[in-house]
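Me: I would like to go through this structure slowly and ask about the reasoning behind the words used for it. Please set each value against its cut-off before you conclude.

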Amino acid sequence: MKYLPLEFFGGVSLIIVIMIVAGRAVRRPGSPKGPMWQYIAGGFSLFVLAGVLYTFPPHSVVLPGLIMVLGAGLFTLGIAILGGGYFSFFGAAASGMAAVPFLMTPTPLALVHVGKTITCHIRGYRGHEVSEFTADCPDGHSYDFTKHGFHDFPGGEVPVIIDPHGVFKAEFVGEENVTVDTVGGVLGLIGAGGVIAAAVASRRRQHGQVKHVVKPPFSTGA
């Protein structure tokens, strides 16, 4: 989480470069051509890979972020070729809906089934609300947490959910809402599937001769 600014700005920059360079072919006049289904499948595979690298040890943060951005580029490009027109923008939205669940959902869902809750003490707690802290736990381990917003822990005590086997990252109670994350993840995947279905319907309706993809204002490519 400490790398969030790097991931955000680096990821946004990278996906812009991908869409400028790789997207030149779909910005040419006429019906866009290309291995659309291979791009979509490749992007989805990279979402899964990023989720695996983030969820399981060593719980890398930067590498999954970069892989997910590359996957988003391929996923968006495939949908853009498939649907043409404004489906480059719809595809970008679909890539977000399809990618996020693979990072946000697996860990809290797994901890519900294999985790146990222990009471830990926040190191150096001075009675103030905190957004970044280290929890020293009776199992002999310390866990670092960084969250948006501030949290109040009376007495500096925080309940932490850990995986006794050490596979999944620890979370403090209330850090994630498993029900909301799970429902949101399912709805995101359904939404992404809906965009792909709409792109297929659009292409069939126009007998494969879809309009060329709208040229992004930041691009000077042909």
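**Cores, helices and exposure**

Reply: In this predicted model, Phe47 touches Met68, Gly71, Ala72, Phe75, Ser95, Ala98, Ala99 and Phe102, when residues up to four places away in sequence are not counted.

Me: What makes these contacts of Phe47 count as contacts?

Reply: A contact requires heavy atoms within 4.5 Å, and Phe47 touches each of the residues just listed, Met68 and Phe102 among them. Phe47 also belongs to the largest nonpolar core, a set of 23 residues in which Phe47, Phe75, Ile79 and Leu82 touch the most other members. At least two residues of this core come from each of helix H2 (36–55), helix H3 (62–83), H4 and helix H6 (178–205), and H3 gives the most, with 8 residues. Another core, of 16 residues, lies apart from it and includes Cys120, Tyr125, Val160 and Ala170.

Me: Why are H4 and H6 called roughly antiparallel?

Reply: The two helices pack at an angle of about 150 degrees, with their axes 8 Å apart. Angles over 145 degrees count as roughly antiparallel, and therefore H4 and H6 are described as roughly antiparallel to each other. The crossing in which H4 passes H6 is left-handed. Among the residues that make the contact are Phe87, Phe90 and Met97 of H4, together with Gly188, Leu189 and Val195 of H6.

Me: How do you know what kinds of residue make up the contact of H4 with H6?

Reply: Each residue is sorted by its type, with Ala, Met and Phe among those that count as nonpolar, Asp among the charged, and Gly among the polar. Sorted in this way, the residues of the contact divide into 13 nonpolar, 5 polar and 1 charged.

Me: Why is Met97 called partly exposed?

Reply: Met97, whose place is in helix H4 (residues 87–104), has a relative accessible area of 31%. Buried means under 20% and exposed means over 50%, so Met97, at 31%, counts as partly exposed. Met97 touches Gly188, Leu189, Gly191, Ala192 and Val195, again not counting residues up to four places away in sequence. The C-alpha atoms of Met97 and Gly193 are separated by 9.4 Å, although these residues are 96 residues apart along the chain.

Me: What makes Gly166 partly exposed as well?

Reply: Gly166 has a relative accessibility of 49%, and since the cut-off for exposed is over 50%, Gly166 counts as partly exposed. Gly166 lies in the loop between strand S4 (157–162) and strand S5 (171–172).

Conventions. Residues are numbered from 1 along each chain as its sequence is written. This is a predicted model: local features need pLDDT of at least 70, side-chain atom pairs count only at pLDDT 80 or more; totals for chains, interfaces and linings use all residues. Side-chain values use heavy atoms; hydrogens and water are left out. Helices (H or I, at least four residues) and strands (E, at least two) are DSSP runs, numbered from the N terminus. Buried means under 20% relative accessible area, exposed over 50%, partly exposed in between (1.4 Å probe, protein chains only). A nonpolar core is a set of buried Ala, Val, Leu, Ile, Met, Phe, Trp, Tyr and Cys residues joined through side-chain atoms within 4.5 Å. Axes are lines fitted to C-alpha atoms, for helices over the stretch in contact, and angles run from 0 to 180 degrees between N-to-C directions. Angles under 35 degrees count as roughly parallel, over 145 as roughly antiparallel, 65 to 115 as roughly perpendicular and the rest as oblique. A crossing is left-handed if the near helix is turned anticlockwise from the far one by less than a right angle, and right-handed if clockwise.
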